[in-house]
2 protein chains.
Amino acid sequence: MALIVHKYGGTSMGSTERIRNVAKRVAKWARAGHQMVVVPSAMSGETNRLLGLAKELAPASHTDEYARELDMIASTGEQVSVGLLSIALQAEGMQAVSYAGWQVPVKTDSAYTKARIESIDDVKVRADLAAGKVVIITGFQGIDGAGNITTLGRGGSDTSAVAVAAAMKADECLIYTDVDGVYTTDPRIVPEARRLHTISFEEMLEMASLGSKVLQIRSVEFAGKYRVPLRVLSSFTPWDIPIDEEAKSGTLITFEEDEKMEQAVVSGIAFNRDEAKITVMGVPDKPGIAYQILGAVADANIDVDVILQNVSHDGRTDFSFTVHRNDYAKTVDLLNSKVIPALGAEKLVGDTKICKVSIVGIGMRSHAGVAATMFRALSEEGINIQMITTSEIKTSVVIDEKYMELAVRALHKSFDLDQEAG
Amino acid sequence: MALIVHKYGGTSMGSTERIRNVAKRVAKWARAGHQMVVVPSAMSGETNRLLGLAKELAPASHTDEYARELDMIASTGEQVSVGLLSIALQAEGMQAVSYAGWQVPVKTDSAYTKARIESIDDVKVRADLAAGKVVIITGFQGIDGAGNITTLGRGGSDTSAVAVAAAMKADECLIYTDVDGVYTTDPRIVPEARRLHTISFEEMLEMASLGSKVLQIRSVEFAGKYRVPLRVLSSFTPWDIPIDEEAKSGTLITFEEDEKMEQAVVSGIAFNRDEAKITVMGVPDKPGIAYQILGAVADANIDVDVILQNVSHDGRTDFSFTVHRNDYAKTVDLLNSKVIPALGAEKLVGDTKICKVSIVGIGMRSHAGVAATMFRALSEEGINIQMITTSEIKTSVVIDEKYMELAVRALHKSFDLDQEAG
């Protein structure tokens with residue numbers, strides 16, 4: 001008998017008929033002898049509907065002031081889901097009980113609309129499990145020290161599920177979603193893309209942060225921190241497939257680098273075209289320039305991704321970084337009006353038509369020449385590399401966005417990702 | 001400066017535009033120097049939508065088993081309302097904070113879907129009021145001793161508002177609704193029906209229990225018990241009418257029989273056609289027959305309204321009572337199968353085509369001959385009276401339902417209810 005956490009997304013909870021299917025699937029697991037905790041999202045569209053009502057009453061530019069109230073409103077979507085799923089399970093003949101985050105309680109800090117989980121009390125949940133009940137807990141939300149409802153931000157239900165699994169020391173956390181696992185790259189771009197049976201959580205973290213939308217990045221961080229085995233699998237398989245088959249489907253995100261793991265050097269190709277590149281040219285090369293440039297950007301609450309500083313020549317250097325495209329205009333204004341005059345830099349050049357393509361693989365740690373293979377593959381396609389940045393298990397390049405699909409396909413092929421690892 | 005509680009129904013909260021109007025009205029009161037607590041209902045249609053989803057997942061006949069979950073689900077409607085109203089008030093430049101029932105907390109028993117309020121903690125609310133905030137509290141719901149969400153049943157937001165007003169020792173509780181007050185009878189039946197400026201809470205209790213749908217009866221009981229001055233008024237007046245005018249509009253339900261009260265003998269005519277009449281005929285007249293008949297009915301959770309036992313003749317008597325029409329068939333079955341054989345009664349006769357018409361007035365206490373005036377008026381119209389029952393401030397008759405409108409009009413006229421009291 002294992003303790004299993006299931007998480008179902010908004011699409012899986014999208015209608016009473018789908019909720020009934022979720023209940024049948026959970027009942028199958030419970031009848032197989034597992035202790036079950038389920039974390040569902042709000043029914044698809046509901047969170048948008050609720051926040052849309054709030055938006056009609058208050059200008060979007062002032063949402064910070066209303067953040068506490070937005071959480072009061074948005075958290076109800078998941079509360080409806082847990083109640084409905086509990087009824088559906090009871091209609092299936094199971095014992096079930098639902099809890100809102102504050103009832104467990106799931107304690108968070110007070111950062112409304114983007115709160116972080118601090119602790120989860122498992123006493124009630126354990127007692128219910130011991131009494132043979134399926135326990136259903138709202139995703140996405142908790143309660144702060146003063147008794148206010150908080151939410152974790154978009155996609156927060158993944159994080160809730162992993163946090164519950166960590167607190168309960170669950171044997172596995174299964175994230176049911178609308179894809180059937182993690183792929184070597186996006187199958188819409190590379191038809192030969194292959195589902196990975198396992199991936200290390202570090203690789204998953206890079207894949208998630210690089211634009212693979214399967215899991216919310218915070219949930220992967222959480223899983224790594226608390227060593228929660230996490231499985232991503234499809235909620236669109238029939239609910240009554242054999243449980244042995246279902247338990248091995250999808251992709252297992254593991255923190256153990258055991259012998260059985262696929263030994264490919266590169267596990268996947270990630271990419272995104274959400275970023276824009278900014279270069280401050282001709283910066284006098286003195287200590288503190290990175291701080292002078294990026295400090296001002298950070299103060300404006302703009303997140304920076306890739307950062308590069310070239311070696312200087314003639315006492316001047318070029319400083320480049322990328323920001324989200326939505327922040328591009330704001331960043332350029334900020335630099336031109338304040339930072340560049342203060343620094344005595346020559347000029348700013350920017351480009352919004354870029355993309356970032358990355359190879360990710362825990363095997364890169366112990367294999368030389370991986371980056372070289374990447375650069376050769378891109379060179380053979382005539383793709384110019386604008387920026388390069390590396391970490392222990394990832395190499396990213398910034399290139400012209402028109403080459404994105406070409407680059408992803410070339411890299412997928414050159415690392416033999418269409419073949420099962422030997 | 002007074003402490004005022006406003007309650008707004010689902011129609012008043014029915015769209016973001018209407019919520020904005022509620023916010024403007026509340027802001028007007030706050031700016032006039034009053035401390036404001038607001039109790040809104042769910043947006044109209046929302047509670048039905050939520051319970052409809054639940055119904056799709058579970059057969060309606062088993063709702064008792066799912067009652068805890070129904071409360072989890074239904075309570076979210078009001079939680080959305082308080083959040084939206086708080087945002088609307090903040091957008092008006094007011095300070096505002098919203099609370100779900102469990103946050104105040106509003107403590108109730110554990111009777112899911114029909115819980116009763118046990119206590120309300122006023123510490124948080126007082127602190128917020130002292131800090132200059134408008135406090136918005138969900139209607140309809142609370143928390144039981146074990147931390148479960150409970151709801152008070154349909155119309156429970158009236159009760160919530162009165163209970164909050166009682167706990168806060170508010171100066172007045174204003175119930176904004178879609179009628180502009182309490183009338184001498186239903187204006188759709190008697191066009192001359194007149195709005196009452198004041199009515200005693202005992203009269204209101206009789207009017208409410210007799211089918212006048214203006215206020216939920218439990219809220220009137222609560223107001224009487226805790227001596228909360230209660231005003232029913234329209235939410236459809238423009239929000240910016242002068243506050244002095246608004247404060248005197250509608251109908252004040254008062255517990256003080258002061259000199260200024262309207263001194264009419266009869267304050268209003270109430271009626272309903274929800275009931276059915278059952279007579280057990282030829283019951284052997286022995287001690288305990290009322291218990292034998294009504295005990296069985298009560299055990300089946302059927303509410304009985306009018307009860308009459310005639311004097312016996314030849315050692316046998318007839319025993320009559322009324323039940324809700326929805327319970328009629330069940331009651332007849334129960335009596336025929338079990339009670340009548342055990343009693344040795346002759347037979348049962350029933351009639352679903354009846355109505356009950358009542359005159360209500362605190363003045364009846366000290367005026368003789370009121371019932372006689374009622375009977376004469378009905379007699380002059382040729383209306384046969386089937387049952388009569390009286391209390392200190394009410395006389396009710398059961399008549400053929402086809403005469404209902406005629407009876408109401410005749411009584412309204414014979415007690416001069418179309419004239420302002422002198």
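What follows looks at one residue, one helix and the pairing of two chains in a predicted model. Residues are numbered from 1 along each chain as its sequence is written, and chains are lettered from A in the order in which they are written. Local features need pLDDT of at least 70, side-chain atom pairs count only at pLDDT 80 or more, and totals for chains, interfaces and linings use all residues, while side-chain values rest on heavy atoms, with hydrogens and water left out.

A:Thr108 sits in strand 4 (residues 106-108) of chain A; strands are DSSP runs of E, at least two residues, and helices are runs of H or I, at least four, both numbered from the N terminus. With a relative accessible area of 3%, A:Thr108 is buried (under 20%; 1.4 Å probe, protein chains only). Beyond its neighbours within four places in sequence, A:Thr108 is in contact with residues including A:Ile117, A:Ile143 and A:Leu152 (heavy atoms within 4.5 Å).

Over in helix 13 (residues 404-414) of chain A, the buried set is A:Met404, A:Ala407, A:Val408, A:Ala410, A:Leu411 and A:His412. These buried residues pack against strand 13 (268-272), strand 18 (354-360), helix 12 (370-380) and strand 20 (394-400) of chain A. After helix 13 comes A:Asp416, with a positive phi near 55 degrees.

As for the two chains, a turn of 180 degrees and a shift of 0.1 Å along the axis lay chain B on chain A with an RMSD of 0.1 Å (least squares on C-alpha atoms of residues with pLDDT of at least 70 in both). That is how a two-fold axis relates copies. In chain B, B:Thr76 has the C-alpha nearest the axis, 2.7 Å from it. Both copies use the same surface, as 100% of the contact residues of chain B recur in chain A.

Definitions and conventions:
Buried means under 20% relative accessible area, exposed over 50%, partly exposed in between (1.4 Å probe, protein chains only).
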